[in-house]
Amino acid sequence: MAVVKLFGAWLSPYVYKVIWALKLKGIPYEYIEEDLSNKSPLLLQYNPIHKKVPVLVHDGKPICESIVILRYIDEIWPQNPLLPADPHERAVALFWIKFADDKSPFISKLYRTDGEEQQVAAKECFEMLEVIEGHALVGEKKFFGGDEINMVDIAFCSVAHWLGVIEGFTGLKIFEPHKFPRLNSWIQNFKSIPVIKDNLPDTDKMSAVLKRRREMLLASKSS
Amino acid sequence: MAGELVLLDFWPSPFGMRSRIALAEKGIPYEYREEDLRNKSDLLLQMNPVHKKIPVLIHNGKPVCESVIQVQYIDEVWHDKAPLIPSDPYQRAVARFWVDFIDKKIYELGSKIWKTKGEEQANAKKEFIECLKLLEGELGDKTYFGGESLGYVDVALVPFYSWFYAYEKCGDFSIEAECPKMIAWVKRCMQKESVAKSLPDQEKVYEFILQLKKVFGSE
């Protein structure tokens, strides 16, 4: 039987995307936690170009980059499909997945920067939320995928969980429920899905680690 | 199946070139519409309200935005001719990985080469060549990244060749000297009509860059 291994890091939203996809499709896998400050030789062998997590290894063959991994999983295990079957609807879904992938790094920039750089990141995040509210969630949909979540919902996970934690300890206020009512509903709905709810990093632990990381990053910048 | 097909594009855009090549490879007729990016058409703004960018592929009135998504869409809808994306799921994942790599690196580094000077430019040149060398490694001894025929990675990468002369002039270096295998691959691609007809003349692109440099004030 083919073996599925996932190299990850407990804090990374990119890793959770893969975990959720595997669990939604009922695929057993072995999880290997990586210490990103001391990457294993195996990880470096499997992902020599980017040296990052997540890496999925299926039958000994590595697949890198979270969206590439998600599409691979969706194609190998077609149960509970994560993308629409219709080519145009799929193109629209992929557009939003790319948008999420391109913009989500600004969420992590919120804690990695300060001053003007942080303000730029905050503006990018706010504009991202405006676009989602105004363009992606129109039509009274419960999820981006309709009645069930799909790859687009998974792609926007940083907005649903990581953003709130980062706003908490940086004191930034970008997402406000009354400004983004559709997004607010979506976040509640998304986090109520059992597979999502049961597989999210603990917010207190996240806060503590990211706060510490922020302090170290900013200290090393000024020295 | 063909229906009405319109491509909103801008002649020097390497992203637009990707869709042009894909459509030409499959012999699909379409209407090419040149956009003036300083005066974008209502159609463009309506079809791509989020980014307001080209290229936009409009099929039977419905827009497909983002060049890599357009190439995938074209390959799916017109799957019976000149397939670009591998049929094996693992090979498909590998191809997508490299297209993602090209998208993350080549355009941005290339832009830095013509937009900046001094140390920033030197770093960009160095990283640009490193990226091309990684791509050479992936190509190996194959005729194309897609094997014996043009594939997804070839279509995603070859448009940037039309900007190489501009990068070389602005950065004062030779890409062929550093990456001969890459240029050899380019020349094989350029022998295909679908590619040769879709790429603008390199000198024209260089003139265009010089105009842009004036606007950006880096001349």
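In this predicted model, helix α3(A) is mostly covered, with nine of its 11 residues buried. The buried residues of α3(A) are Ser66(A), Ile67(A), Val68(A), Ile69(A), Leu70(A), Arg71(A), Tyr72(A), Ile73(A) and Asp74(A). This helix is a convenient place to begin, since it takes part in two interfaces: α3 belongs to the elements that give two or more residues to the side of chain A that touches chain B, and α3 also supplies at least two residues of the side of domain 1 of chain A that touches domain 2 of chain A. The two interfaces are described in turn.

Within chain A, the domain assignment gives domain 1 (4-76) and domain 2 (87-222). The centres of these two domains, taken over C-alpha atoms, are separated by 21 Å. Contact between them involves 16 residues of domain 1 of chain A and 22 residues of domain 2 of chain A. Together the two domains bury about 1800 Å² between them, and 78% of this area lies on carbon and sulfur atoms. On the side of domain 1 of chain A, Trp10(A), Leu11(A) and Trp20(A) supply 38% of the area buried against domain 2 of chain A, more than any other three residues.

As for polar interactions, the count between domain 1 of chain A and domain 2 of chain A is zero salt bridges, while two residue pairs are found in polar contact, both residues at pLDDT 80 or more. Helices α1 (13-24) and α3 of chain A each supply at least two residues of the domain 1 side. The largest share of that side, eight residues, comes from α1(A). By class, the residues of domain 1 of chain A that touch domain 2 of chain A divide into 10 nonpolar, two polar and four charged.

Turning to the contact between the chains, 23 residues of chain A are in contact with 26 residues of chain B. The area buried between chain A and chain B is about 2300 Å², with carbon and sulfur atoms giving 69% of it. In chain A, the residues that lose the most area to chain B are Ile49(A), His88(A) and Phe95(A), which together account for 26% of what that side buries.

Five salt bridges are found across the interface of chain A and chain B. One salt bridge joins the side chains of Arg96(B) and Glu75(A), at 2.9 Å from N to O. Seven residue pairs are in polar contact between chain A and chain B, with both residues at pLDDT 80 or more. On the side of chain A that touches chain B, the elements giving two or more residues are β4 (61-64), α3 (66-76), α4 (87-103) and α6 (115-136) of chain A. Of these, α4(A) provides the largest share, nine residues. This side of chain A has 14 nonpolar, three polar and six charged residues.

In chain B, one lysine can be followed in more detail. Lys26(B) is found in the loop between α1 (14-25) and β2 (31-34) of chain B. Is this residue buried or exposed? Lys26(B) counts as buried because its relative accessibility is 4%, and the cut-off for a buried residue is under 20%. The side chain of Lys26(B) reaches the backbone oxygen of Ala82(B) at 3.2 Å. Leaving aside residues up to four places away in sequence, Lys26(B) touches Ile74(B), Asp75(B), Trp78(B), His79(B), Lys81(B), Ala82(B), Pro83(B) and Leu84(B).

Key
Residues are numbered from 1 along each chain as its sequence is written. Chains are lettered from A and ligands numbered from 1 in the order in which they are written. This is a predicted model: local features need pLDDT of at least 70, side-chain atom pairs count only at pLDDT 80 or more; totals for chains, interfaces and linings use all residues. Side-chain values use heavy atoms; hydrogens and water are left out. Contact means heavy atoms within 4.5 Å. Buried area is the accessible area (1.4 Å probe) that two parts lose on being put together, summed over both. A salt bridge is a side-chain nitrogen of Lys or Arg within 4 Å of a carboxyl oxygen of Asp or Glu. A polar contact is a pair of N or O atoms within 3.5 Å; within protein, one must be able to donate a hydrogen and the other to accept it, and residues adjacent in sequence count only if both atoms are side-chain atoms. Helices (H or I, at least four residues) and strands (E, at least two) are DSSP runs, numbered from the N terminus. Ala, Val, Leu, Ile, Met, Phe, Trp, Tyr, Cys and Pro count as nonpolar, Asp, Glu, Lys and Arg as charged, and the others, Gly among them, as polar. Buried means under 20% relative accessible area, exposed over 50%, partly exposed in between (1.4 Å probe, protein chains only). Domain bounds come from an automatic or database domain assignment.
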